[in-house]
Amino acid sequence: MHIVTFTRSTPDTTAKVEVNGKGEVTWGDAATVVNPWDEYSLEEAIVQAKNVGGKATVIAIGTEMHNEALKHSLAMGLDAAVRVWSDGLDVTDSLHWATAAAAAVNKVGDVGLVIFGKESVDTGTDQHIYQTARKLGWTMLSYVAKILELDAANKTIKVEKVLEGGKQVLTAKLPAVISVMKGINEPRYPSFIGIRKASKAEIPVWSLSDLGVTLPAASTQLVGYSNLPVQEVVTEIIDGATPQEKAEKLVEKLLEAKVL
Amino acid sequence: MATNTPLKPNLFNPFTEEHEMFRKSVRAFVENELNPYVDEWEEAGIAPLHDIFKKMGQLGFLGLHYPSEYGGSDADIWFTVILNEELGRCGAAGIPMAVGVQTGMATPALAKYGSEELKQKYLKPALLGDMVCAIAVTEPDAGSDVASIRTRAVRDGDHYVINGSKMYITNGTQADWICLLARTSDGNDYRGMSLIVVPTDTEGFIVSKKLKKLGNLSSDTAVLTFENMRVPVSNRIGDEGKGFYYQMEQFQIERLVGAIGGTAGAEKAVRDTIRYTQERHAFGKPLIANQWIQFKLGELLTEIEAQKRLNYYCASLIEANAPSNEVTRIASMCKLKVGRLMRQVADTCLQFYGGMGYMEETPISRYFRDSRLTSIGGGADEIMLQIIAKLEGMEPR
Ligand SMILES: Cc1cc2nc3c(=O)[nH]c(=O)nc-3n(C[C@H](O)[C@H](O)[C@H](O)COP(=O)(O)OP(=O)(O)OC[C@H]3O[C@@H](n4cnc5c(N)ncnc54)[C@H](O)[C@@H]3O)c2cc1C
């Protein structure tokens, strides 16, 4: 059984991201990193593939910039990496994205499980995950906190999901698509040997025609980016004779401002 | 700061894409596995080296330039450079020092001159992070003057019987074995010494004291005493009587490694100070608006940049297997200069932090304490000058 996971390169979370004069999103010369949420899905893919004696493949959809995330994934220990790209593919349109993703999963073949990180830190979206499941026509299990059992022979999965204020245990038939939470595992650091292997790897690129799909017209259109309006910060020092008095005044102010 | 890597590595920026991937991994390790705990370890006066080294060993961080038969990775010198640059950014200098002892001080001679059996038994587990090791040269009455050590190893059949004492031994309270420099024949000069691997569970091995220090608090430093300790002769590294030479050779990589970590730590200290003085206001403007502060910090960055290139030159000599004297000459210059630079950086940066810099909670105060060691440990500045003078032919005719 094959396990597939997706990743992408995103600006480092500490980078200062802004829109430049040309309306492009920039982050100076700060490094890109593998989407932090994906560290967990990558780790889980490695672990689960090992458990079922299968293979784990990582896919990125996008330009060459995403090779970095793919190399990081290979260095962690994923068995194979593929990049999907064709001019005209609009990665900001989740339906476009999901159509390409589902076709790529089908091309990998014999896939029992697709694992996603909870979301991507740059655009903050997760709907591409659900749309991929829909395009594949597979079961979707989101916010998985633990995979309790993955049974390749009987083609079932048992997971623990996080709900607000509780947990839910679910079983489902494979193939399935899941998204996993931070804390499901402890992602490993790329080892020296992993890095050596990854840096030598040639990453194949699959075009849309390789995947045999023609894309529908994008259902959304990116009009432009803009910076957030600069917020004026007003500082106020809270006076009071005792710490208690200061705290009470602070609470009052916070209630007034509807922060509490 | 220029973080872009040129396409082709060269002497001024020798790193490839693969090296930079490795840098990211070590940096993440330092940020997540070390920095969150350094306050706790500083407080405790010791760090859990068995745990830390196990993790590092599994990632291949400890044996980079060592042969793969012994748990190493056969990597080029630039990976070692990166490891030490990134460790140099750790929040407490005691941790990189512990790693430096393990990979750059206690093990090089064993790797180069040790028997197959000795390497399998002690080198491999050290590089895989299963054993912690220490280097024991300095004695209560012999530091700079290594040739005057008195610890004796007397032959008795196929064992050495060892008596004596070692001082200021890093990792000394938790090491599984030490690389010991001892006298194996009569006389009191540099001839007649040998390096011997001593397992610390040998009867007669005593940790007499854990020392309290000015800085590098997270590193444990011990006084060791040996009372009729019996160690197999087969634990000797290489030839009898060559210990002093092996040790002097072993010092080279140690000095370079120290210089690399020191340079990275100094750069971090200056860049942190730039950030602080941009935020702190006095007389209606940020501190850094004062040209005096800009110029002082600019000067330090210039020194750091020059030091970095000297370090890289030294690394490239090692990578190219340059004649030992030339490596020694440049490594000694690196060590001398970095020790002085760190003192200058610590003093200048702390000054610009003002009272805040004097507070324990501010990292620069720890840096101020930690940085002082480099001009003393691993051969004092004056000893570096002695070596440089000798190699430059300055002895009186
Ligand atoms: C925290 C710490 C960790 C250490 N870890 C280890 C370890 O793991 N293993 C180990 O073997 N040793 C270790 N050492 C010992 C260290 O290498 C010695 O302290 C160092 O070599 C200096 O020796 P000394 O302290 O005996 O100083 P001394 O030899 O007494 O010298 C004192 C000072 O005199 C000056 N001086 C000495 N000789 C000359 C000269 N010829 N000309 C001019 N001036 C001179 C120098 O300024 C020197 O600093 C450690 C030391 C410290 C402080």
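Q: Which residues of α10(B) and α12(B) meet, and what makes two residues a contact?
A: Two residues are in contact when their C-beta atoms, placed from the backbone, sit within 7 Å. By that test, B:Asn325, B:Thr328, B:Arg329, B:Ser332, B:Met333, B:Lys335, B:Leu336, B:Gly339 and B:Arg340 on the α10(B) side meet B:Asp381, B:Met384, B:Leu385, B:Ile387, B:Ile388 and B:Leu391 of α12(B). Keep in mind that this is a predicted model: local features need pLDDT of at least 70, side-chain atom pairs count only at pLDDT 80 or more, and totals for chains, interfaces and linings use all residues. As for labels, residues are numbered from 1 along each chain as its sequence is written, while chains are lettered from A and ligands numbered from 1 in the order in which they are written.

Q: How do you sort that contact of α10(B) with α12(B) by class?
A: Ala, Val, Leu, Ile, Met, Phe, Trp, Tyr, Cys and Pro go in as nonpolar, Asp, Glu, Lys and Arg as charged, and the others, Gly among them, as polar. The tally comes out at seven nonpolar, four polar and four charged residues.

Q: What describes the packing of α10(B) on α12(B)?
A: For two packed helices, you quote the angle between the axes and the distance between them. Here α10 (324–353) and α12 (381–391) of chain B pack at about 145°, with axes 9 Å apart. The axes are lines fitted to C-alpha atoms, for helices over the stretch in contact, and angles run from 0 to 180 degrees between N-to-C directions. The helices themselves are DSSP runs (H or I, at least four residues; strands are E, at least two), numbered from the N terminus.

Q: Why is α8(B) called roughly parallel to α10(B)?
A: The axes of α8 (243–279) of chain B and α10(B) cross at roughly 25° and come within 8 Å. Angles under 35 degrees count as roughly parallel, over 145 as roughly antiparallel, 65 to 115 as roughly perpendicular and the rest as oblique, so α8(B) lands in the roughly parallel bin. Their contact has 17 nonpolar, nine polar and three charged residues.

Q: What makes a crossing left-handed or right-handed?
A: If the near helix is turned anticlockwise from the far one by less than a right angle, the crossing is left-handed; if clockwise, right-handed. α8(B) passes α10(B) in a left-handed crossing, and α10(B) passes α12(B) in a left-handed crossing too.

Q: How do you know that β1(A) and β6(A) pair?
A: A pair needs at least two bridges found by DSSP. Strands β1 (2–6) and β6 (55–61) of chain A have five, in the parallel sense, so they qualify. One example is A:Val4, whose bridge partner in β6(A) is A:Thr57.

Q: What makes β11(A) and β13(A) edge strands?
A: Each pairs on one side only. They sit at the ends of an open, mixed sheet of nine strands, ordered β11-β10-β9-β12-β8-β1-β6-β7-β13 (chain A).

Q: Where do the domains of chain B come from, and how do domain 1 and domain 2 touch?
A: The bounds are from an automatic or database domain assignment: domain 1 (17–128), domain 2 (133–240) and domain 3 (244–391). The C-alpha centres of domains 1 and 2 of chain B lie 22 Å apart. Their contact takes 27 residues from domain 1 and 20 residues from domain 2. On the domain 1 side, α5(B) has the largest share, seven residues, and the classes are 19 nonpolar, six polar and two charged.
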